[in-house]
Amino acid sequence: MGTVSYRKHIRWYPDEASEPTSTLVLTSPENRFVDLRILLPPNGGTKLSNDPTGELPFDRLDWAIAGTTISEAATAPTGEPIRRSTFRHWVSSRVMDPTGVCDVGDMYPQEDGTTLEKGAMANPATGRVADYDELWTDLLAPTSDYIAVLRVDAAGVKGMLVWIGALCQALARDEQGITLERWEKLEGALGAGDGEESEEVDEGTWTRTVRMGTRELPCESVLTGKVTLEKDGVVACQGDMWQVVELLEGDK
């Protein structure tokens, strides 16, 4: 089944823990993932973008990654059983060609059900390798959730889309740079910043909450049923042919 992961904080040692981003990772049953880390708005609002189309400038991007992951049993230095996860990057906002790039984290289950990830990698603020902690809430997708993964790998463009239940994220890179989107099936009202009114949305409406870049992605067509998905079928978008590599037809 798929997994929806929300990051609660990151800590770069020796600094204190904080969460400067809205970080969401969607991982499919076959371990393909799209990980988008969007810097929180400076006004403290919960709504990432005030643009009705979700548009944001690239200076609000911390990191965007698409790739595959594997997890295996391991033993912590203390002797406790843990899981060791390896994330192989296929598309990245930080590297033009991430072939061979991966990061490894040791996953420590916490008493409250969260997972503490420990590892070491380059701190973007310093450029130096440093130890880090990340605290995650991982939610297993119900078997009723609709899950789809689309992938494009053609001359000049690579991209991945992961849709799990009420969430969808996509990331693509071409010669112009990257394009990314996050979509949510929202209920009630969208949050707002200081001095701003919340925006009412219809129950069960797909809303693009984040977009960066200029390339067209197939999210809207896929989520709103403008195209019919079939396993191993293709979806045409701006001349790109996105292949449906995973499909579990639960409730939309």
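Student: How many bridges join strand E9 to E10, and in which sense do they run?

Tutor: Eight bridges link E9 (residues 147–154) with E10, and the two run antiparallel. Keep in mind that this is a predicted model.

Student: What makes E9 and E10 count as a pair?

Tutor: A pair needs at least two bridges between the strands. E9 and E10 have eight, so they pair by that rule. One place to look is Ala-154, which stands opposite Val-157 in E10.

Student: What lies between E9 and E10 in their hairpin?

Tutor: Two residues sit between the strands, and Gly-156 in the turn has a positive phi of about 90 degrees.

Student: Which residue of E11 is the bridge partner of Val-157?

Tutor: That's Asp-174. E10 and E11 (residues 167–174) pair in the antiparallel sense over eight bridges. They form a hairpin too, with two residues between them, and Gly-165 in that turn has a positive phi of about 60 degrees.

Student: Why is E10 called largely enclosed?

Tutor: Buried means under 20% relative accessible area. Seven of the eight residues in E10 (residues 157–164) are buried, so the rest of the structure largely encloses this strand.

Student: What about the whole chain: how much of it is buried?

Tutor: Buried residues come to 49% of the 252 residues.

Student: How do you know that the chain agrees with a compact globule?

Tutor: Compare two values. For 252 residues, a compact globule would have a radius of gyration near 18 Å, and the chain has 18 Å, so the two agree. The C-alpha trace spans about 55 × 45 × 40 Å along its principal axes.

Student: What is the chain built from?

Tutor: It has one helix and 17 strands. Among the strands, E4 (residues 61–75) and E5 (residues 81–92) pair in the antiparallel sense over 11 bridges. Across that pairing, Glu-72 stands opposite Arg-84 in E5. Their hairpin has five residues between the strands, and Gly-79 takes a positive phi near 95 degrees there.

Student: Which way do E5 and E6 run, parallel or antiparallel?

Tutor: Antiparallel, with six bridges joining E5 to E6 (residues 102–109). There, Phe-87 stands opposite Asp-103 in E6.

Student: Why is Pro-41 called buried?

Tutor: The cut-off for buried is under 20%. Pro-41 has 10% relative accessibility, so it counts as buried. You'll find Pro-41 in the loop between E3 (32–39) and E4. Leaving aside neighbours within four places in sequence, Pro-41 is in contact with Lys-47, Leu-48 and Arg-60.

Student: And why is Asn-31 called partly exposed?

Tutor: Partly exposed runs between the 20% and 50% cut-offs. The relative accessible area of Asn-31 is 34%, so it is partly exposed. Asn-31 lies in the loop between E2 and E3.

Student: What is notable about phi in Asn-31?

Tutor: Phi is positive, about 70 degrees, although Asn-31 is not a glycine. Asp-232 is another non-glycine residue with a positive phi, near 70 degrees. Asp-232 has its place in the loop between helix H1 (219–223) and strand E16 (234–237).

Student: Where is there a cis peptide bond?

Tutor: Look from Tyr-13 to Pro-14, where omega is near 10 degrees. Pro-14 is found in the loop between E1 (3–12) and E2 (21–27).

Conventions:
Residues numbered from 1 in each chain as written. Predicted model: local features only at pLDDT ≥ 70, side-chain atom pairs only at ≥ 80, totals over all residues. Heavy atoms only, no water. Helix = DSSP H or I, 4+ residues; strand = E, 2+ residues; numbered from the N terminus. Rg over C-alpha atoms; globule rule 2.2 N^0.38 Å. Buried < 20%, exposed > 50% of the residue type's maximum accessible area, 1.4 Å probe, protein only. Contact = heavy atoms within 4.5 Å.
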